[in-house]
Amino acid sequence: MKLKVNDLIPEANIYILKDGEPREQNIKEILGNSKVLLFGLPGAYTSTCSKFHLPGYVKNAEKLKAKGVNRIFCISVNDPHVMNAWGEANNVGNNIVMLADPYLSFTKSRVISSLLLPFCNFGDL
């Protein structure tokens with residue numbers, strides 16, 4: 001099951017690093033109403049995510065924007081400092097916004113967990 005265009009994003013607070021400080025915000029406020037690409041990865045600095053996944057989005061960011069994507073977001077279950085450092089290590093620059101879901105509030109949401117359950121073990125959801 002995939003999220004489709006115009007599917008509703010679940011209510012969840014996540015974190016973003018702003019001016020060196022973690023800021024808790026509702027994910028809907030961060031994503032806004034424009035055309036965005038939101039991708040989630042299992043964890044910062046994991047071997048496959050660091051070698052292939054995140055660099056692939058960095059490499060193709062301009063192509064995605066040329067297809068009408070206004071902003072690109074990466075979310076993972078790390079804290080905002082780790083997500084920021086991982087983004088810097090992968091040269092995301094202004095192309096990809098790194099989001100943190102350290103308490104799994106977005107990841108465990110009904111919609112998202114139903115997408116991930118075949119692949120991940122979240123214990124008792």
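In the hairpin formed by E1 and E2, where 2 residues lie between the strands, aspartate 19 adopts a positive phi near 55°. This detail, like those that follow, comes from a predicted model. The two strands, E1 at residues 13-18 and E2 at residues 21-26, pair in the antiparallel sense over 6 bridges. Within this pairing, tyrosine 15 stands opposite glutamate 24 of E2.

Stepping back from the hairpin, the secondary structure of the protein amounts to 4 helices and 5 strands. Read from the N terminus, the elements follow the order β-β-α-β-α-β-α-β-α. Among contacts with a separation of 6 or more, 62% join residues that are 24 or more positions apart. The protein has 125 residues, and 38% of them count as buried. Its accessible surface comes to about 7,800 Å², with 52% of that area belonging to carbon and sulfur atoms.

The interior deserves a closer look. In soluble globular proteins, nonpolar side chains tend to be buried together. Here the largest nonpolar core has 18 residues, and those with the most contacts inside it are Phe39, Leu54, Cys74, Trp86, Ile96 and Met98. At least two residues of this core come from each of strand E3 (36-40), helix H2 (47-66), strand E4 (71-76), helix H3 (80-89) and strand E5 (96-100). Helix H2 supplies the largest share, 4 residues. Isoleucine 96 offers a handy view of how these elements meet: setting aside neighbours within four places in sequence, isoleucine 96 is in contact with Phe39, Leu54, Tyr57, Val58, Ile72, Phe73 and Cys74. A second core, separate from the one just described, has 12 residues, including Ile14, Ile30, Leu99 and Phe106.

Turning to charged groups, side chains of opposite charge can pair when their charged atoms come close. The structure holds 1 salt bridge. It is formed by lysine 28 and glutamate 11, whose closest N and O atoms are 3.0 Å apart. The pair links distant parts of the chain, 17 residues apart: lysine 28 sits in helix H1 (residues 27-31), while glutamate 11 belongs to the segment before E1. The two partners can also be placed by their accessibility. Lysine 28 counts as partly exposed because its relative accessibility is 33%, a value between the 20% and 50% cut-offs. Glutamate 11, with a relative accessible area of 55%, is exposed.

Technical notes:
Residues are numbered from 1 along each chain as its sequence is written. This is a predicted model: local features need pLDDT of at least 70, side-chain atom pairs count only at pLDDT 80 or more; totals for chains, interfaces and linings use all residues. Side-chain values use heavy atoms; hydrogens and water are left out. A nonpolar core is a set of buried Ala, Val, Leu, Ile, Met, Phe, Trp, Tyr and Cys residues joined through side-chain atoms within 4.5 Å. Buried means under 20% relative accessible area, exposed over 50%, partly exposed in between (1.4 Å probe, protein chains only). Contact means heavy atoms within 4.5 Å. Two strands pair if DSSP finds at least two bridges between them. A salt bridge is a side-chain nitrogen of Lys or Arg within 4 Å of a carboxyl oxygen of Asp or Glu. Accessible areas come from the Shrake-Rupley method with a 1.4 Å probe; for residues, only the protein chains shown count as cover.
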